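Hi,

Here is the structure I said I would pass on to you. Have a look at it first, and then read my notes underneath.

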Amino acid sequence: MVRITMELLRKRSEHNEGEISTLEEISLHQENIDKIELINKVCRNLKILLLQYNIIPKIENLNMLKRLEYLNLALNNIEIIENLQGLESLKKLDLTVNFIGDLRSIKNLRYNENLEQLMLTGNPCTDYEGYREYVISTLPQLKELDMIEILRSERIKALQVYARVKGDVIRSYENYKKIRDAQIRRHREKEEVKIREIKEDEDEETENERFWKQTSYHTPEDRVAIAERSLKSEEKKREILENEKTKAHKFVPKLFSPSGKPYNMNHPKVPFTLNDENDPNNVILDVGVYRYLDTSYIDVDIQPTYVRVTIKGKILQLTLPCEILVDKSNAKRNVTTGSLVITMPRLNPMMMMIHQTFTSNTTKNNKPTSKGSNAVISIKNRAYTSTREFLEIGPPRNDELDFSKIFLNSRTTKVNRKLTADRIKEKITSENFIDNPDVPPLE
């Protein structure tokens with residue numbers, strides 16, 4: 001059965017922008033609620049409470065609603081009027097179509113001095129002889145009973161015959177109690193027969209068909225059984241619809257092109273770095289996995305030409321710049337940051353290229369210009385630049401090649417040419433320079 005929760009209260013208080021503490025009216029009808037709870041604590045400013053068409057068997061947990069003016073409990077399983085003494089402002093009480101048999105329980109409404117309207121239509125007690133006279137004489141504050149106004153003359157007559165109708169009400173309740181006891185016994189026997197008839201191999205559809213074909217009675221027990229069966233059927237239908245909707249909208253990613261080439265994709269949208277330059281022997285993939293994500297939600301698939309990391313069902317797949325050794329590859333989680341580091345050895349280690357940087361003035365033949373100065377030569381190794389630099393994978397880097405200034409306007413170009421010519425002329429001019437008049441000047 002359904003319970004009254006904060007989520008249900010917020011759902012039903014959309015007219016108040018989901019704010020519960022200041023709520024003055026709420027409708028919880030047709031929710032298959034079987035117990036009144038929580039409202040007493042979080043909705044103390046309520047003036048109107050609608051709980052009709054549920055399977056509530058008992059009135060309880062409402063004493064703190066001091067401002068409540070209208071309470072609707074129609075079409076429930078209530079058998080006794082009780083626990084309403086704390087509703088100081090109650091003016092209207094609707095108990096239509098319940099199972100109230102003990103009419104003497106209306107004495108509990110004497111403490112509700114502001115009660116003006118009471119509705120008991122459809123209860124067994126309304127069939128008692130002297131029912132209306134008994135209620136009118138018991139509750140002098142009432143102005144309307146079962147949507148019929150109580151006249152002053154009617155009240156006087158009811159008080160005159162109170163002693164007689166009280167006895168009629170007691171005798172009528174004794175007769176109803178026998179009927180009610182018989183209903184309870186019949187329900188128990190019905191349940192026992194049901195348990196014996198159920199077969200181990202009987203499917204759910206056959207059981208439902210047998211349940212709906214059997215005779216049902218207007219009793220609290222049968223109402224509960226019907227509500228449980230209906231709720232179970234609704235939940236099953238909802239599951240089927242959700243599964244169909246999930247299948248219809250389920251996204252199936254394409255991992256490979258028609259030619260068999262793996263696609264690059266990042267469905268979990270996690271940051272990553274694919275480093276294939278700093279280490280000549282390994283390709284290293286660093287995936288920024290969520291720090292507190294359990295490792296059981298991560299699956300790594302390493303292939304010679306691509307690597308696939310599945311994070312909670314979402315795929316990160318990257319094409320590798322070279323073939324790697326699958327057997328020697330490994331994946332580890334960083335204990336501090338939680339990131340996933342995958343180290344993949346290359347099938348063919350990357351070649352290195354030597355780059356020389358001279359820190360002294362040398363001639364064309366790498367000889368010092370002066371005898372006294374010693375030439376200091378430092379050799380710096382750097383990795384061979386791969387074509388992967390031009391792929392948009394991983395974070396941006398400061399490349400040595402800058403193509404942003406390929407185009408320069410003509411004016412800037414002329415100025416730069418003139419400056420270059422002047423520098424060359426100054427460099428050529430020296431003590432041993434001899435000007436040859438036959439050589440034309442530079443333009």
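Start with strand E9 (residues 272-275): Phe272 and Leu274 make up its covered face, while Thr273 and Asn275 sit on the uncovered one. Helices and strands here are DSSP runs, numbered from the N terminus, with at least four residues for a helix (H or I) and at least two for a strand (E). "Buried" means under 20% relative accessible area, "exposed" means over 50%, and "partly exposed" is in between (1.4 Å probe, protein chains only).

Before going on, keep in mind that this is a predicted model: local features need pLDDT of at least 70, side-chain atom pairs count only at pLDDT 80 or more, and totals for chains, interfaces and linings use all residues. Residues are numbered from 1 along each chain as its sequence is written, and side-chain values use heavy atoms, with hydrogens and water left out.

Back to E9. Its partner is strand E10 (residues 282-287); the two run antiparallel and are joined by four bridges. (Two strands pair if DSSP finds at least two bridges between them.) Across the pair, leucine 274 stands opposite leucine 285, and a hairpin of six residues leads from E9 to E10.

There is also an open sheet of four strands, in the order E8-E13-E12-E11, with antiparallel pairing. Strand E8 (265-266) and strand E11 (298-302) are at the edges with a single partner strand each, so one side of each has no neighbour in the sheet. E8 pairs with strand E13 (residues 314-319) over two bridges, and asparagine 266 has leucine 316 in E13 as its bridge partner.

Now the charges. How many salt bridges does the structure hold? There are 13, where a salt bridge is a side-chain nitrogen of Lys or Arg within 4 Å of a carboxyl oxygen of Asp or Glu. Here are three to find on screen:

- Arginine 3 and glutamate 37 pair up, with their closest N and O atoms 2.8 Å apart. Arginine 3 lies in the segment before helix H1 (6-11) and glutamate 37 in the loop between strand E1 (25-27) and helix H2 (39-42), so this pair ties together parts that are 34 residues apart in sequence. Arginine 3 is exposed at 55% relative accessible area, whereas glutamate 37 is buried at 13%.
- Arginine 132 and glutamate 154 form another salt bridge, at 2.6 Å from N to O. The first residue is in helix H3 (residues 131-138) and the second in helix H4 (residues 152-160), so the pair ties together parts that are 22 residues apart in sequence. Arginine 132 is buried, at 18% relative accessible area, and glutamate 154 is partly exposed, at 26%.
- Lysine 213 and glutamate 209 meet at 3.1 Å, N to O. Both belong to helix H6 (residues 204-213) and are four residues apart, about one turn of the helix. Lysine 213 is exposed at 64%, and glutamate 209 is partly exposed at 45%.

Besides these, Glu79, Arg180 and Glu221 are joined into one network by salt bridges that share partners.

Next, the inside. A nonpolar core is a set of buried Ala, Val, Leu, Ile, Met, Phe, Trp, Tyr and Cys residues joined through side-chain atoms within 4.5 Å. The largest one has 51 residues, and Leu49, Leu71 and Leu103 have the most contacts inside it. H1, H3 and helix H5 (162-197) are the elements that give two or more residues to this core. Apart from it lies another core, of 20 residues, including Val307 and Met344. As for H3, seven of its eight residues are buried, among them Tyr131, Tyr134 and Val135. Those three are also among the residues in contact (heavy atoms within 4.5 Å) with leucine 103, leaving aside its neighbours within four places in sequence.

Finally, two loop residues. Serine 13, in the loop between H1 and E1, is buried at 0% relative accessibility. Its side chain reaches the backbone oxygen of arginine 10 at 3.2 Å. Glutamate 60 is in the loop between strand E2 (48-50) and strand E3 (70-72). What is the nearest side chain of opposite charge to glutamate 60? That is lysine 58, 4.5 Å away, and glutamate 60 is buried yet has no salt bridge. (Lys and Arg count as positive and Asp and Glu as negative; His and the chain ends are not counted.)

Cheers

Terms used
Polar contact = N/O pair within 3.5 Å; in protein donor to acceptor, adjacent residues only side chain to side chain.
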